[in-house]
Amino acid sequence: MIVCLVLPYFATTLARQERSVPQAVPLILRSGEKVAATCESAAVREVVFGMTIQQAKWLCPEAQVIPINLQTIRQRTEEVLHSLSRFTHLIETERIAAKTKTRAAPFPDARQSAVFYVDLERLAREETMPLAQHMGVTVRQETAFEGACGVATTKFPAYAAASETRTGHVRVIEKGEEWAFLAALPITLLPMKAETRRRLLLLGIETLGAFASLPVAAAAAQCGKEGILLHQLARGIDPRRVIPATLQVVERVTRAFELPLSDGQIVGAILRSVSAELSARLQASGCMGKTLHLHLMLEGGDSVQQKTTLRQSVSSSRYLTEALLRLLARLSISSGVCGLVVTLADLVPFSGQQLELFPDQPKPRERLHKRLSSLLTRPDAPPCFWITTQDRAARRIEQRYGLERVLP
Amino acid sequence: MNKDKKQRLEEAIVAIRREYGEEVLRPLGDSGAESAVPHLSTGFATLDRALGIGGLPKGHLTQLSGIPTSGAMTLACKVLAQATGEAVVCIDLSRTFDVDYAARCGVATDNLLLIQPPTLDHALETLTALVDTAAAVVLVMDTVEGKRRVNTPALKRLMAALHRSRCALLLVERAGTPLLSEKAAVRLHFQRERWLRQRQDVNGYRTQVRILKNQWGRSDQSVRLVIGFSTVVQGDGA
């Protein structure tokens, strides 16, 4: 059985939590001068992804517009993944793109949901339902996100069930009932390209049932290769398996400031305390980290970030501080710092350090001299010289270096 | 190559590696992968890439041939400079070794031993005794010396000692000596293409390096290097 957890309007819910924006105020997240995500009330007023901020403001004048923070979205997605990983490791999630592109929305559906698929393999139906409820409760308690759960034998019917269910509820689709359940649902639930969606709507195909009743060849003729998969999905057959997401183990320290900091020295001092905390945590867990990420939230909602991969894994506070201060120096900070997030990734367990086995080894020159000594005792030994530096700045080249004859 | 053929090739590669070890097969031009052959970088990235293993091999003989001021000795000096913390030896048969230029190439002169043997036989004998202790050895040889007969047993002893050691032996000469060429794992020929001028002054030259022999990668390819006369020897050319 597959459990699909849908957290609708994920980005705006997160932004509301972070910025303490009241529920009554519509919220629009921007990326540059375009809309990147909206809340439900703004979506009702037809504010959609990719629209210019000016258009959005015209449609929803009382909306608060703030920049989207993909880094935080990714972090919180990972937190949800961690919460769900208590139940199984077979969890798939849509990765949030590194940048919001102008044409591709960062979220898979119209409700800008974060979608998680949990594969419970051969768990009995009667046990699946309470477990799905428990998952929803765990996610709500640990991350403060409330979602809807759908349970089915494959991914798409589970997703459709979750999308059609109110938040805080679970809906189960029995085996063999998928087609009947999906038939009345809108075609926009299918994971298809915008062009395919436009084409199907122009053809008057608005429900999954209408699409499923077409012959496969017709679907393939209209939508190409994609059409065959979409046709299968519309019929409740989903050949796609749950591809488990790799959970990256990271150590993260977050600081938020009541007043924006504009003094670089204070930020530096805070980074020192952060690295001390990070180091203490690493020492306690017996780990070292290699990739260090510094993310500063600035006044006005903008953010800047820098990342570095250290030459070797470290856990020492001193090295972490040095690296963080180097990262800070690289950042161009245009306004006060409201908060910071330091993430240390690529964690590895402490490894034994190779100590020098023979610390009293002779120097290269001495070693060579020892070997030469037997050679130089011979009567026909070739002349050997060490190069000595006399005066590197001398104007005459022959005065810069001298030859010191090696004697037996 | 179609998918079926590619799959069969991959299966064959896996079978061969299982039978004879991981290092027995390696795609040519796979410079991204970490080389399993111990080597010293030449200091020129394009040449390192062309050589396949990331530089000149340790435990083997490399022959660098070319007329004076064609870049052969510069390359030898750059290789010596890569052997940091280890002793390096220069056997100067032609008595033309320029210490100042070597220092400008980055050679740590404090650990540089200069030997000026009278003949090639003396040089081979000295080398056999020293290859164990040094990281890199450059044997600079004159054409006249190369024309003479090479003592085959002495050369065999040297090659055996060299293979046991982790020392890179570089032979710099005007024209390849047949017997030594045969023993070399890598042979590079340097040909100066043109001088580089800045106003009236010559401030460097561009040279073409042809890989005549390469035990670990493609031979018969060439690389262009730009070598400057200013304080630091410059990097790769076009």
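**Exercise 1. Strand pairing across the chains**

Which residue of chain B does F385(A) stand opposite? Identify the strands concerned and describe the side of chain B that touches chain A.

*Solution.* The structure is a predicted model.

Step 1. F385(A) stands opposite L114(B), a residue of β5(B).

Step 2. The strand of chain A that pairs with β5(B) is β14, residues 384-389. The pairing is antiparallel and extends over three bridges.

Step 3. Now consider the whole contact between the chains: 17 residues of chain A are in contact with 19 residues of chain B. On the chain B side, at least two residues each come from α4 (99-104), β5 (112-115) and α5 (120-130).

Step 4. By residue class, this side of chain B consists of eleven nonpolar, six polar and two charged residues.

**Exercise 2. Three successive strands of chain B**

Trace the pairing of β8(B) with β9(B), and then that of β9(B) with β10(B). Which residue in each hairpin has a positive phi?

*Solution.*

Step 1. Strand β8 of chain B covers residues 186-198, and β9 of chain B covers residues 201-214. These strands run antiparallel and are joined by twelve bridges. Within this pairing, L188(B) stands opposite I211(B).

Step 2. Two residues lie between β8(B) and β9(B) in their hairpin. R199(B), in the turn, has a positive phi of about 55°.

Step 3. β9(B) also pairs in the antiparallel sense with β10 of chain B, residues 221-228, over eight bridges. Here I211(B) stands opposite Q221(B), and V209(B) stands opposite V223(B).

Step 4. The hairpin of β9(B) and β10(B) has six residues between the strands. In this hairpin D220(B) takes a positive phi near 60°.

Step 5. I211(B) thus has L188(B) opposite it in one pairing and Q221(B) opposite it in the other.

**Exercise 3. The faces of a helix in chain A**

Determine how the buried residues of α13(A) are arranged about the helix axis, and state what covers them.

*Solution.*

Step 1. Chain A has 408 residues, of which 32% count as buried, and its secondary structure comprises 14 helices and 15 strands.

Step 2. Helix α13 of chain A, residues 317-330, contains 14 residues. From first C-alpha to last it reaches 20 Å, close to the 20 Å expected at 1.5 Å a residue.

Step 3. Its buried residues are L320(A), A323(A), L324(A) and L327(A). Viewed down the axis of α13(A), they fall within an arc of 100°, and therefore line one face of the helix. The general rule is that an α-helix has 3.6 residues a turn, so residues three or four places apart point the same way.

Step 4. R318(A) and A329(A), on the other side of α13(A), are exposed.

Step 5. The cover over the buried residues of α13(A) includes α12 (264-285), β10 (287-298), β11 (303-314) and β12 (337-345) of chain A.

**Exercise 4. Positive phi and exposure in chain A**

Locate E121(A) and D346(A), give the phi of each, and classify each as buried, partly exposed or exposed.

*Solution.*

Step 1. Most residues other than glycine have a negative phi.

Step 2. E121(A) has a positive phi, near 50°. The residue is in the loop between β6 (114-119) and α5 (125-143) of chain A. E121(A) counts as exposed because 9 other C-beta atoms lie within 10 Å, and the limit for exposed is 12 or fewer.

Step 3. D346(A) likewise has a positive phi, near 55°. Its loop lies between β12 and β13 (348-349) of chain A. D346(A) has 16 C-beta neighbours inside 10 Å and so is partly exposed.

**Exercise 5. The nonpolar cores**

Which residues of the largest nonpolar core touch the most other members, and which helix supplies the largest share of this core?

*Solution.*

Step 1. The largest core has 70 residues, and those touching the most other members are A76(B), L80(B), V137(B) and L170(B).

Step 2. Helix α3 of chain B, residues 72-82, supplies the largest share, eight residues.

Step 3. Leaving aside residues up to four places away in sequence, A76(B) touches L64(B), V138(B), L170(B) and V172(B).

Step 4. A second, separate core has 68 residues, among them L7(A), L27(A), L84(A) and C149(A).

Methods. Residues are numbered from 1 along each chain as its sequence is written. Chains are lettered from A and ligands numbered from 1 in the order in which they are written. This is a predicted model: local features need pLDDT of at least 70, side-chain atom pairs count only at pLDDT 80 or more; totals for chains, interfaces and linings use all residues. Two residues are in contact if their C-beta atoms, placed from the backbone, lie within 7 Å. Helices (H or I, at least four residues) and strands (E, at least two) are DSSP runs, numbered from the N terminus. Ala, Val, Leu, Ile, Met, Phe, Trp, Tyr, Cys and Pro count as nonpolar, Asp, Glu, Lys and Arg as charged, and the others, Gly among them, as polar. Two strands pair if DSSP finds at least two bridges between them. A residue is buried if 20 or more other C-beta atoms lie within 10 Å of its own, exposed if 12 or fewer, and partly exposed in between; C-beta atoms are placed from the backbone. The expected span of a helix is 1.5 Å times one less than its number of residues. The arc is that of the directions from the helix axis to the C-beta atoms. A nonpolar core is a set of buried Ala, Val, Leu, Ile, Met, Phe, Trp, Tyr and Cys residues joined through C-beta atoms within 7 Å.
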